[in-house]
Amino acid sequence: QFRNYLDPEVFRLFENKMRDRALYMMPNFRWCAHCPNGSIHDALRLRMDCTYCNKSTCSKCKKPWEVQHEGLTCEAFHTWKLDNDPEMQAAGLAAFLKENGIACPKCKFRYALAKGGCMHFTCGQCKHEFCSGCYNPAAERSVHRDVNPESECGMGCTHMGLHAHHPRDCLHYLRDWDIARLQALLTDHNLAFNVQPRLGTVANTAGYCEVLEQKDMANGLRDEPCGKAVADQQAGLCE
């Protein structure tokens with residue numbers, strides 16, 4: 001009856017949607033990951049072989065089947081992929097650098113920046129020197145302009161060594177503020193911040209900072225908890 005009122009292409013699309021919905025409601029129906037076909041599959045077996053394209057799909061995670069998946073759960077296979085698949089490793093690294101890294105303002109090469117330490121950063125690719133907090137170029141004092149031609153320092157900087165012309169909101173300054181002053185700054189600018197440990201983390205009832213730091217131990221470098229005292233309303237972190 002709908003056919004008489006709908007354009008043929010629209011009616012064909014309607015029929016396909018109704019078919020797909022009916023198939024979706026069938027508990028053992030699975031679509032092939034390689035072609036637009038599917039079939040009824042034994043739910044006890046992960047590997048599903050398509051009779052149309054002769055390729056295989058995992059019936060649970062619905063990803064193209066790989067020989068390494070044999071004998072592994074989907075979760076274990078995903079872990080194996082993260083550790084061994086170059087494409088997934090590259091994607092994971094890119095995501096990590098986007099979240100935690102810094103980019104050279106000159107050549108745009110990205111780096112993973114360790115917490116703490118000096119903010120004077122030298123790019124390993126183009127040798128550009130800059131502040132990792134505000135990205136302004138590092139500058140030699142004016143008497144050393146022949147060493148660093150990028151320097152734009154005037155006579156007012158002749159008493160300074162290697163430095164950058166930081167804006168006032170650069171971490172170069174903010175890192176020396178006390179906790180109350182930093183929280184007031186965030187509050188004044190309507191920026192949310194945590195005063196309790198983040199969801200999903202275990203609160204430390206002993207009152208000591210558990211952020212891992214690389215420490216020089218008798219048997220070499222080791223990642224150990226910071227161990228400094230934690231005050232209330234500081235999200236479980238020390239100063």
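Here is a chat between two people about a predicted model.

Colleague: Hi! What should I know before I start reading this one?

Modeller: It is a predicted model, where local features need pLDDT of at least 70, side-chain atom pairs count only at pLDDT 80 or more, and totals for chains, interfaces and linings use all residues. Residues are numbered from 1 along each chain as its sequence is written, and side-chain values use heavy atoms, with hydrogens and water left out.

Colleague: What does the chain average in pLDDT?

Modeller: The average is 77, and 81% of the residues score at least 70. pLDDT is the predictor's confidence in each residue, from 0 to 100.

Colleague: And where is confidence lowest and highest?

Modeller: Strand 10 (residues 163-164) is lowest, with a mean of 66, while strand 4 (residues 56-58) is highest, at 91. Helices (H or I, at least four residues) and strands (E, at least two) are DSSP runs, numbered from the N terminus. Over residues 141-152 the pLDDT is below 50, yet this stretch has 21 contacts in the model beyond near neighbours in sequence. Contact means heavy atoms within 4.5 Å.

Colleague: How should I treat a stretch like that?

Modeller: Where pLDDT is low, the predicted coordinates should not be read in detail.

Colleague: Fair enough. Switching to helix 2, which residues are buried there?

Modeller: In helix 2 (residues 74-84), C74, F77 and K81 are buried. Buried means under 20% relative accessible area, exposed over 50%, and partly exposed in between, using a 1.4 Å probe and protein chains only.

Colleague: Why do they line one face of the helix?

Modeller: Seen down the axis of helix 2, its buried residues fall within an arc of 60 degrees, so they line one face. The arc is that of the directions from the helix axis to the C-beta atoms.

Colleague: Now cysteines. How many disulfides does the structure hold?

Modeller: Zero. A disulfide is a pair of cysteine sulfur atoms within 2.5 Å. For C104, the nearest cysteine sulfur is that of C126, 3.6 Å away.

Colleague: What about C107?

Modeller: Its closest cysteine sulfur, in C123, is 3.6 Å from its own, too far for a bond.

Colleague: Are those two cysteines, C104 and C107, buried or partly exposed?

Modeller: C104 counts as buried because its relative accessibility is 0%, whereas C107 is partly exposed, at 33%.

Colleague: Last one: which residues is F121 in contact with?

Modeller: Leaving aside neighbours within four places in sequence, F121 contacts I102, Y111, L113, H128, E129, F130 and S132. F121 sits in strand 7 (residues 120-122) and counts as buried, at 17% relative accessibility.
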